[in-house]
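Colleague: Could you walk me through the aromatic side chains in this model, and then through the strands and helices around them? I'd be glad of the cut-offs as you go.

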Amino acid sequence: MAEHTQEMELNEILRVRREKLKELQDSGKDPFKIVKYDKTHSSKEIIENFEEMEGTMVSVAGRLMSKRGMGKASFCDLQDRDGRIQLYIRINEVGEETYAQVKKFDIGDIVGVKGEVFKTHKGEISVKVHEIVLLSKSLQPLPEKWHGLKDTDLRYRQRYVDLIVNPEVKDTFIKRSKIIKYIREYLDDRGFIEVDTPILNTIPGGAAARPFVTHHNTLDIDMYLRIATELHLKRLIVGGLEKVYEMGRIFRNEGMSIKHNPEFTTIELYQAYTDYKGMMDLTEDLISSVAQRVLGTMKITYQGQEIDLTPPWNRMTMIEAIKKYTGIDFENIRTVEEAKEAAKSVNVDAKDKNTRGEIINLVFEECVEEHLVQPTFIMDYPVEVSPLAKRKADAPELTERFELFITQREIANAFSELNDPIDQRERFIKQMEARAAGDEEANMMDEDFIHALEYGMPPTGGLGIGIDRLVMLLTDSYSIRDVLLFPTMKPKD
């Protein structure tokens with residue numbers, strides 16, 4: 001019954017608003033025929049510079065978010081990108097005809113205002129309106145009687161409404177833009193070159209992930225949306241660019257969760273003549289610098305947890321981390337059978353086909369990641385789960401690879417890049433065997449990439465950072481959908 005009543009109320013609101021629009025159009029005042037409006041200031045500029053601007057004539061524009069008192073004077077709140085400012089409208093100032101029109105304005109309407117900056121008796125910085133014009137009619141009412149949109153599913157589907165009624169959401173996406181801008185500045189200042197590589201690939205390479213498949217009609221071939229930018233960027237290192245990066249969308253046809261969206265943003269960068277330890281130093285400095293620049297501090301709070309991004313960060317090998325949190329010392333466990341028994345002792349079930357290295361990685365994922373709250377580099381991953389990383393000279397079953405964990409989540413992944421084309425071919429072959437056995441995430445053979453390596457790639461450090469997860473961390477956002485303007489959603493119908 002309540003839902004039926006709400007629907008009737010909504011239908012009445014929609015009818016009345018359309019009638020108001022028709023009345024405007026019939027009187028030759030169609031707001032949708034206005035093509036521009038000259039703004040001089042934002043709400044934030046007026047409020048922050050009131051001492052110098054008091055008594056100044058300004059032109060502002062934005063959305064009406066409230067109306068109070070409709071005698072001979074009224075107050076409205078106008079919202080623009082940067083915040084809100086109060087409007088003071090008097091019938092003696094704007095005239096009876098304009099004031100009558102203002103009385104018919106609805107919450108959500110977009111207006112342009114010219115007026116004088118002043119402060120009310122209550123001390124609120126405002127604009128005393130001299131002229132006001134309707135620039136766009138809102139035919140839909142704002143949700144929940146304009147007290148905010150709380151339904152997360154609806155918020156993600158109708159981000160435009162979310163941005164209107166939830167100011168903190170707008171702030172998150174402004175911070176996201178600043179984070180991305182500063183990352184680019186940081187790398188550009190250090191001699192990196194930003195490049196673009198193909199999104200459509202004939203081979204999905206550079207990561208263990210299931211790709212999206214599409215079809216190119218003219219060539220009559222299946223193609224894949226990229227799952228990583230790695231292999232193209234390393235071709236550029238072979239070509240002599242030495243320091244390159246790309247920030248852009250990646251697509252993986254996998255599950256969705258608070259940490260995963262089918263399309264997401266990463267940055268990958270590659271630097272010749274350094275290794276994974278050089279990438280560790282860069283990662284630590286980059287992320288702590290971003291926090292300082294955008295938030296003004298390296299000590300943040302994420303979902304109630306205090307996180308200190310001040311360098312230096314913890315560094316442990318994967319085997320050391322497993323020993324610390326489970327007591328299992330894989331340094332002294334050399335056979336597959338012993339590894340399976342050790343895993344079983346901490347309730348990790350290894351499959352028959354798993355190698356020792358794969359079991360080590362399984363135990364780490366299931367028993368250790370949950371403990372990595374403060375920034376921690378986990379180093380030296382098994383070669384079986386690192387098909388593109390260089391082996392450690394003193395322990396060839398391991399690779400020079402690290403992942404960065406903060407708040408129990410992987411934020412970054414980096415290698416001393418494998419530049420031996422013979423070893424790379426052998427690892428691709430093993431990946432192909434895994435794929436043939438049913439692993440849809442295993443790498444495919446990329447003959448052209450191997451051909452590129454055969455021309456010689458210098459020792460190189462490579463790094464990938466999940467931009468969305470970094471933004472989640474720095475904006476205290478619970479879900480990846482909170483930092484994507486338009487997250488992937490299942491259609492309602």
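**Rings, strands and one long-range pair of residues**

Modeller: Happy to! Ring pairs join Phe75, Tyr88 and Phe118 into a cluster; rings of Phe, Tyr and Trp (its six-membered ring) count as a pair when their centres lie within 6.5 Å, with planes under 30 degrees apart called stacked, over 60 edge-to-face and the rest tilted. Please keep in mind that this is a predicted model, in which local features need pLDDT of at least 70 and side-chain atom pairs count only at pLDDT 80 or more, while totals for chains, interfaces and linings use all residues. Residues are numbered from 1 along each chain as its sequence is written, and side-chain values use heavy atoms, with hydrogens and water left out.

Lys128 lies over the face of Phe118, at 4.9 Å from the ring centre. For such a charge to sit over a ring, NZ of Lys or CZ of Arg must be within 6 Å of the ring centre and within 35 degrees of the ring normal. Lys128 also meets the cluster through the backbone pairing, as the bridge partner of Tyr88 in S5. Helices (H or I, at least four residues) and strands (E, at least two) are DSSP runs numbered from the N terminus. Two strands pair if DSSP finds at least two bridges between them. S3 (residues 83–90) pairs with S5 (residues 125–136) in the parallel sense over 3 bridges.

S3 has another partner in S2 (residues 73–80), and this pairing is antiparallel, over 8 bridges. Leu78 stands opposite Ile85 in S3, and the two strands form a hairpin with 2 residues between them.

Between S4 (110–119) and S5 comes a loop that holds His121. His121 is exposed, with a relative accessible area of 89%; buried means under 20%, exposed over 50%, and partly exposed in between (1.4 Å probe, protein chains only).

Altogether the structure holds 7 aromatic pairs. In the pair of Phe377 and Phe402, the ring centres are 5.0 Å apart and the planes stand at 80°, so this pair is edge-to-face. This pair links distant parts of the chain, with Phe377 in S15 (residues 376–379) and Phe402 in S18 (residues 401–406), 25 residues apart. Phe377 and Phe402 are both buried.

Another charge over a ring sits around the end of H8: Arg190 lies over the face of Tyr186, at 3.5 Å from the ring centre. Tyr186 is among the buried residues of H8, as are Phe173 and Tyr182. The expected span of a helix is 1.5 Å times one less than its number of residues; the 23 residues of H8 (residues 167–189) should therefore span 33 Å, and the end C-alpha atoms are 33 Å apart, which agrees. Gly191 follows H8, with a positive phi near 90°.

Further along, 3 strands form an open antiparallel sheet in the order S7-S9-S8. S7 (200–201) and S8 (213–216) are the edge strands, each pairing on one side only. S8 and S9 (residues 221–225) share 4 bridges, and His215 stands opposite Asp222 in S9.

For a covered strand, look at S20 (residues 460–466), where 7 of 7 residues are buried. In a regular strand the side chains alternate between the two faces of the sheet. In S20, Thr460, Gly462, Gly464 and Gly466 point one way and Gly461, Leu463 and Ile465 the other, and all are buried. S20 pairs in the antiparallel sense with S11 (residues 263–272) over 7 bridges, where Gln271 has Gly461 as its bridge partner. S20 also pairs with S19, again antiparallel, over 5 bridges, and Asn413 stands opposite Gly464.

After S19 (409–416) comes the loop that leads to H14 (421–436), and Asn419 is in it. Asn419 is buried, with a relative accessible area of 18%. Its side chain reaches the backbone oxygen of Met457 at 2.9 Å, a polar contact: a pair of N or O atoms within 3.5 Å where, within protein, one must be able to donate a hydrogen and the other to accept it, and residues adjacent in sequence count only if both atoms are side-chain atoms. Not counting residues up to four places away in sequence, Asn419 touches Lys390, Leu453, Met457, Pro458 and Pro459, with contact meaning heavy atoms within 4.5 Å.

To tie the two ends of this tour together, the C-alpha atoms of His121 and Met457, 336 residues apart along the chain, are separated by 71 Å.
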